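Got the viewer open and a selection box ready? Let's walk through this one stop at a time.

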Amino acid sequence: MLRLAALTAVLLAACGTDGDDGDIVGPYTGEVARYTVDRFDLPVNNVTARDLGDDLDGDKAIDNQLGMVLATLGSQGDITKHGQDMIASGALASYIEIQADDPLTDDRVGVWYYGADGDTAVPMGGTLDAGVFTSNRTRDTHHAGTATVRLPALVDVDPTVLEVTGMQLDLTPDGHGGFDGLVRAKMTQDVVRSAAYTGILAMFAAQPQDHRVFWYAVDNNHDGVLPEPEFFRDKGLMVALLSSDLDDGLSFGFRIHLSPAGSALPVIADRCFDRIHDGTETGLDCGGSCIPCGAAQSCSIPADCQSGTCLSGTCTAPSCADGQLSGFESDVDCGGPCGDCATGKSCDYASDCASGDCHLGVCS
């Protein structure tokens, strides 16, 4: 009987360790260690996007479609450079939990990725070898990790939220008690489209003058209104950018750095981009000594607003008659969705001009 009980225990342990096709699965045991994500490194060009990708679907091609998209947007100034400020302010507070019997070598380890407190996650199973963690591979696992990932992506807006599936993670000790991490994951096209639409419209609303080229490419009739069907119109820019590279969605790869929980966070370098209301701001990261605010943000004086009008403590929306260079205008109160600009006024496109001729940035 003792031999049978011992054999049964061994078999149960084996079943808990290995799933289908060699997957590492729970239950996981041992101490749980928590680490703070104190840096995000997103792709900055197609070369780094490829370097950060992996073959997530087993077709022997490197996948990182969303990384390529972010690299493209970054080349146009649409990706924030203030991720560290968001982390320092607490607006971006992601962390990872690692459960293992041995922090250096263990053949059954569970790792959870949390975008913020309150998020849910399914652990990634994997192994620790000399302190290096390697999770199940997305391309062949039957027990995929999932997480809510929050990223410092688009400029002038809150972190982008993505529900990801098929998540894999590689962690390498940094020599200082933390880890350098490489995250690869897939997500459905609907998730990516929803995040892109919400985030890009918020980016346009925050500082429309900074994104006039992007707006022109997606607002097909240039009327300043972007319903979702127009944003994702057939053969349009966003449909091309967010086309699926996997059978069931899009791929993404990026780097992170982890420090033990309780370690000192970065210091806020620029409070005008930390995504909390602080300093002299009247609105969120705007007004006061920061950039002027868009519509519906709080204000104290007209100069706090892009429209130049502060009404009952709230910025009015930019208009084609506010006497300011605002909205998607190419010159004051003309161009874009406003009336055509006269000769000598600034322009970006022929459609900005009454003459239909924009030469070297001037209607002619």
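Start by picking C310, which is partly exposed, at 22% relative accessibility. Keep in mind as you click around that this is a predicted model.

**Stop 1: the disulfides**

Stay with C310 and show its sulfur: a disulfide joins C299 to C310, with 2.1 Å from S to S. The torsion about that S-S bond is about 95°, so this disulfide is right-handed. C299 sits in the loop between β9 and β10 and C310 in strand β10, so the pair ties together parts that are 11 residues apart in sequence. Switch on a surface and look at C299: it is buried, with a relative accessible area of 8%.

Next, select C347 and C358. A disulfide joins these two as well, at 2.0 Å from S to S. Right-handed or left-handed? With about 95° about the S-S bond, the link of C347 and C358 is right-handed. C347 is in the loop between β11 and β12, while C358 belongs to strand β12, 11 residues apart. C347 is buried at a relative accessible area of 5%, whereas C358 counts as partly exposed at 23%.

Now jump to C272 and C290, joined by a disulfide with S to S at 2.0 Å. This link is left-handed, with -80° about the S-S bond. C272 and C290 both lie in the loop between β9 and β10, 18 residues apart. Both cysteines are buried. If you want to keep hunting, the structure holds eight disulfides.

**Stop 2: the cavity**

A quick word on the next few stops: rolling a probe the size of a water molecule over the atoms shows where empty space is left.

How many cavities of 30 Å³ or more does the structure hold? There is one, and about 180 Å³ of space lies in it. Select L66, L70, L154, T160 and A196: of the 16 lining residues, these are the closest to the cavity's centre. To see the surrounding elements, colour α3 (65–75), β7 (160–173) and α5 (189–206), each of which supplies at least two residues of the lining. Then colour the lining by class, and you get 15 nonpolar residues, one polar and no charged ones.

**Stop 3: the largest pocket**

Keep α5 and β7 coloured, since these are the elements that give two or more residues to the lining of the largest pocket. About 670 Å³ of space lies in this pocket. Its lining has 40 residues, and those nearest its centre are A202, F204, A205, A206 and Q207. Which element gives the most to this lining? That would be α5, with seven residues. By class, the lining divides into 23 nonpolar, 11 polar and six charged residues.

**Stop 4: the second largest pocket**

Move on to L42, V44, I79, T80 and K81, which lie nearest the centre of the second largest pocket, lined by 16 residues. About 350 Å³ of space lies here. β1 (31–41), α3 and α4 (83–89) each supply at least two lining residues, and β1 gives the most, with three. The split by class is seven nonpolar, six polar and three charged.

**Stop 5: a lysine in a strand**

Select K186, in strand β8 (residues 179–187). Buried or exposed? K186 counts as buried, at 19% relative accessibility, and the cut-off for buried is under 20%. Show side chains and draw a distance to D248: a polar contact of 3.2 Å joins the side chains of K186 and D248. Leaving aside residues up to four places away in sequence, K186 also touches several others, including L56, T138, V164, T165 and L246.

**Stop 6: backbone details**

Last, hide the side chains and follow the backbone. The peptide bond from G26 to P27 is cis, with omega near 10°, and P27 lies in the loop between α1 (2–17) and β1.

Then go to K235, a residue other than glycine with a positive phi, near 65°. K235 is in the loop between α7 (228–231) and α8 (237–241) and is exposed, with a relative accessible area of 86%.

Finish at D333, which has a positive phi of about 60° although it is not a glycine. You'll find D333 in the loop between β11 (314–315) and β12 (358–359). D333 is partly exposed, with a relative accessible area of 22%.

Key
Residues numbered from 1 in each chain as written. Predicted model: local features only at pLDDT ≥ 70, side-chain atom pairs only at ≥ 80, totals over all residues. Heavy atoms only, no water. 1 Å grid on protein atoms, 1.4 Å probe; cavity = no way out; pocket = protein on both sides within 12 Å on 5 of 7 lines; lining within 4 Å. Points joined across faces, edges and corners; volume = space filled by probe spheres on them. Helix = DSSP H or I, 4+ residues; strand = E, 2+ residues; numbered from the N terminus. Nonpolar A, V, L, I, M, F, W, Y, C, P; charged D, E, K, R; others polar. Buried < 20%, exposed > 50% of the residue type's maximum accessible area, 1.4 Å probe, protein only. Polar contact = N/O pair within 3.5 Å; in protein donor to acceptor, adjacent residues only side chain to side chain. Contact = heavy atoms within 4.5 Å. Disulfide = S-S within 2.5 Å.
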